[in-house]
Amino acid sequence: MRKIIICQNLIKQYKEEKKPALDNLNLEVPENCIFGFLGPNGAGKTTTIKILTGLMNYNSGTVIIDDEIILPHKTDFRKKIGYLGQDQRMFEWMTGIELLKFTARIFGQSDSEAKKSAEKYLEISGLSAAANKKIKAYSGGMKQRLGIAQALIGNPKILFLDEPTSALDPIGRKEVLDFIYTIRNDCTIFMCTHILADVERVCDYVAIINDGKLIEQNSISNIKSKYSSKLLEISFLNNEDIAKFISYSQNNSDYSINENKDISFRIIFNREVTDYNEFLKSIVNAGIKIKSFAVKEATLEDVFVKLTSK
Amino acid sequence: MDIKIYFLLLQKEIRELILTQKGIAFIAIFAFFSAVSPISAFFMPEIMKSISETQNLQIILPEPTWLDSIQQYIKNITQICTFIAIIIFMGFITKEKETGTLVFLFVKPVKRFLYILSKYTAITIFVNLSAIVNTVVVYALTYYLFGKIDFIAFIKMSFFIWVYLIIIMYSVVFFSSLCKSQIISGVFSFGFYMLFSLAGGFLSSSEYLPMGVLEQATVALQNGSINLWPLLSSLVLILSFVVLSILFINKWEAK
């Protein structure tokens, strides 16, 4: 599959910080997919997206978008991209239709073409009824949908979305995710988020970064199958057993534990495991009483926690 | 294509200044203080007389002339009006940096220098509109109240006041392009304004510098011989503001 975004050994160092925000980041995004870009807060997601959109300079490395090397302040490649920033503010004194017409005209459309485009994208985003309302009167979900609509209006090859649902209530979040899902065939969507449920719901591929480095990149199904046989959910009789188990696990490098509820843990093994008997026996021999256990399929959250926990 | 985007951005700036009422407030405040100038000059002797009567004092003021009206106008424009104008426009670009609307534009195929040029053009349009309104208001009221006014001297003086306003407002746009926050931009703009207003008094070379334009406004009013050096240095300063703004905005990175 053709790669539409390629980052090679990308380094970004902020003047005021000792550690680089991006540390030799390598990334390849296949064309025509929804690509989830995951990482904990401060991992370098927003820095990456700002470099990819030409809003930020980088110290070294190469960024290629649709076969074109990206340098800051080049404007031509921006005809190929759309962008909605984290908590993106637009010109709130404009109406929805005015904003979309203004955006379309920036992309070189005539007045009549811009009007048609604006009406089309208002309809796609479900905002036709609010077309003549001032943006400041829009709800959070409406603003995000308008933000995506303005990012789509130049028919971009790549749509960059930085935390598109993080500031929304559940209804707004659903509206935006549904909208993203409906436009999946029109362009490549690069979505930066830390909401794993959103990624599982709409993304085809994910990349996980931490401390500015790529940790894992694959299709969601491959990532989950890679870790699925290595997850055991185990619960204990009481708090004493939990304390014993935590103490027992401290010196063990075979697995990592992810606390699930009060008395149960999700255990992800670092090696291929087909038989858990040996592991369970060793716990029982250590005097820890098990209440129940089950082999589970790893969720993206399990993988994320495992890969990003230090 | 570039010229179309420039006009599109300019149109956006003008609409924004009208719809957010900043541009309207700018013109209205200048017009108000322009109108107050001849009126206060005309009624000042009577005001002083009534004050002196209540205080048992005797203050004798000479009969006011049209020159007093214009001097009052210069004072109002270069003090209170400039002060308010700086407050109105100190976030002209910094606010767009703070709220993220600058990112909205710069992630699109918009060349940054066009954005800066549209900002300076928009401010020039509003300064020009304001200057026209002020000139008409002051001329009409002065003529009505004082019965005469030297039209040529008044127009020459208005030109120097226009240059002064352009310098101050361009400095506000410049600092707004340079700074990250509105407050810092405002502090720098006030600093420049204070320096510009006071430097004439202690700089021996001020007759060559942009701050000389205010002195030339008074010279023009009295039909004196005009020194062009302040105009030339003002032109250099104005162009420097624009060029430096473009350089700074080209280096700006979204955080």
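In this predicted model, the count of disulfides over all chains comes to zero. Cys33(A) takes part in no disulfide, and the nearest cysteine sulfur, which belongs to Cys203(A), lies 8.4 Å away. Since a disulfide requires two cysteine sulfur atoms within 2.5 Å, the 8.4 Å between the sulfurs of Cys33(A) and Cys203(A) does not qualify. The points below cover the cysteines, chain A as a whole, its strands, Glu92(A), and the pockets and cavity.

**Cysteines**

- Cys33(A) counts as buried because its relative accessibility is 3%, and the cut-off for burial is under 20%.
- Cys179(B) is likewise buried, because its relative accessible area is 5%.

**Chain A overall**

- Chain A has 310 residues, of which 53% are buried.
- Its secondary structure comprises 10 helices and 14 strands.
- Along the principal axes, the C-alpha atoms of chain A fill a box of roughly 80 × 45 × 40 Å.
- Among contacts in chain A with a separation of 6 or more, 69% are between residues 24 or more positions apart.

**The four-stranded sheet of chain A**

- An open sheet of four strands in chain A follows the order β2-β1-β4-β5, with antiparallel pairing.
- Its edge strands are β2 (22–30) and β5 (68–69) of chain A, each of which pairs on one side only.
- Within this sheet, β1 (residues 3–12) and β4 (residues 60–65) of chain A are joined in the antiparallel sense by five bridges.
- Ile5(A) has Ile65(A) in β4(A) as its bridge partner.

**Strand β9 of chain A and its partners**

- Strand β9 (residues 205–210) of chain A is mostly covered, with five of its six residues buried.
- Strand β3 (residues 34–38) of chain A runs parallel to β9(A), and four bridges join the two.
- In this pairing, Phe37(A) is opposite Ala207(A) of β9(A).
- Strand β10 (residues 213–219) of chain A runs antiparallel to β9(A), and six bridges join them.
- The bridge partner of Tyr205(A) is Ser219(A) in β10(A).
- β9(A) and β10(A) form a hairpin with two residues between them.
- Asp211(A), in the turn of this hairpin, has a positive phi of about 50 degrees.

**Glu92(A)**

- Glu92(A) is located in the loop between β6 and α2 (96–106) of chain A.
- Leaving aside residues up to four places away in sequence, Glu92(A) touches Lys134(A), Ile135(A), Lys136(A) and Lys143(A).
- Glu92(A) and Ala137(A) are 45 residues apart along the chain, yet their C-alpha atoms are separated by 8.3 Å.

**Largest pocket**

- The largest pocket has a volume of about 910 Å³.
- It is lined by 35 residues, and the closest to its centre are Lys180(B), Trp252(B), Glu253(B), Ala254(B) and Lys255(B).
- At least two lining residues each come from α1 (45–52) of chain A and from α4 (94–99), α7 (151–178) and α10 (229–251) of chain B.
- α10(B) supplies the largest share of this lining, four residues.
- By class, the lining of the largest pocket divides into 10 nonpolar, 12 polar and 13 charged residues.

**Second largest pocket**

- The second largest pocket encloses about 440 Å³.
- Of its 21 lining residues, Glu92(A), Trp93(A), Glu16(B), Thr20(B) and Lys95(B) are the closest to the centre.
- Two or more residues of this lining come from each of α1 (2–19) and α4 of chain B.
- The largest share, four residues, belongs to α1(B).
- The lining of the second largest pocket has seven nonpolar, four polar and 10 charged residues.

**Cavity**

- The structure holds one cavity of 30 Å³ or more, and the volume of the largest cavity is about 30 Å³.
- Residues of both chains line the largest cavity: Ile81(A), Gly82(A), Tyr83(A), Phe107(A), Gln150(A), Ala151(A), Val107(B) and Lys108(B).
- β6 (81–84) and α4 (140–152) of chain A each contribute at least two residues to this lining, and β6(A) gives the largest share, three residues.
- The lining of the largest cavity comprises five nonpolar, two polar and one charged residues.

Key. Residues are numbered from 1 along each chain as its sequence is written. Chains are lettered from A and ligands numbered from 1 in the order in which they are written. This is a predicted model: local features need pLDDT of at least 70, side-chain atom pairs count only at pLDDT 80 or more; totals for chains, interfaces and linings use all residues. Side-chain values use heavy atoms; hydrogens and water are left out. On a 1 Å grid over the protein atoms alone, a cavity is a set of points where a 1.4 Å probe fits but cannot get out, and a pocket is an open set with protein on both sides within 12 Å along at least five of seven lines; lining residues have an atom within 4 Å of a point. Grid points are joined across faces, edges and corners, and a volume is the space filled by probe spheres set on the points. Ala, Val, Leu, Ile, Met, Phe, Trp, Tyr, Cys and Pro count as nonpolar, Asp, Glu, Lys and Arg as charged, and the others, Gly among them, as polar. Buried means under 20% relative accessible area, exposed over 50%, partly exposed in between (1.4 Å probe, protein chains only). Two strands pair if DSSP finds at least two bridges between them. Contact means heavy atoms within 4.5 Å.
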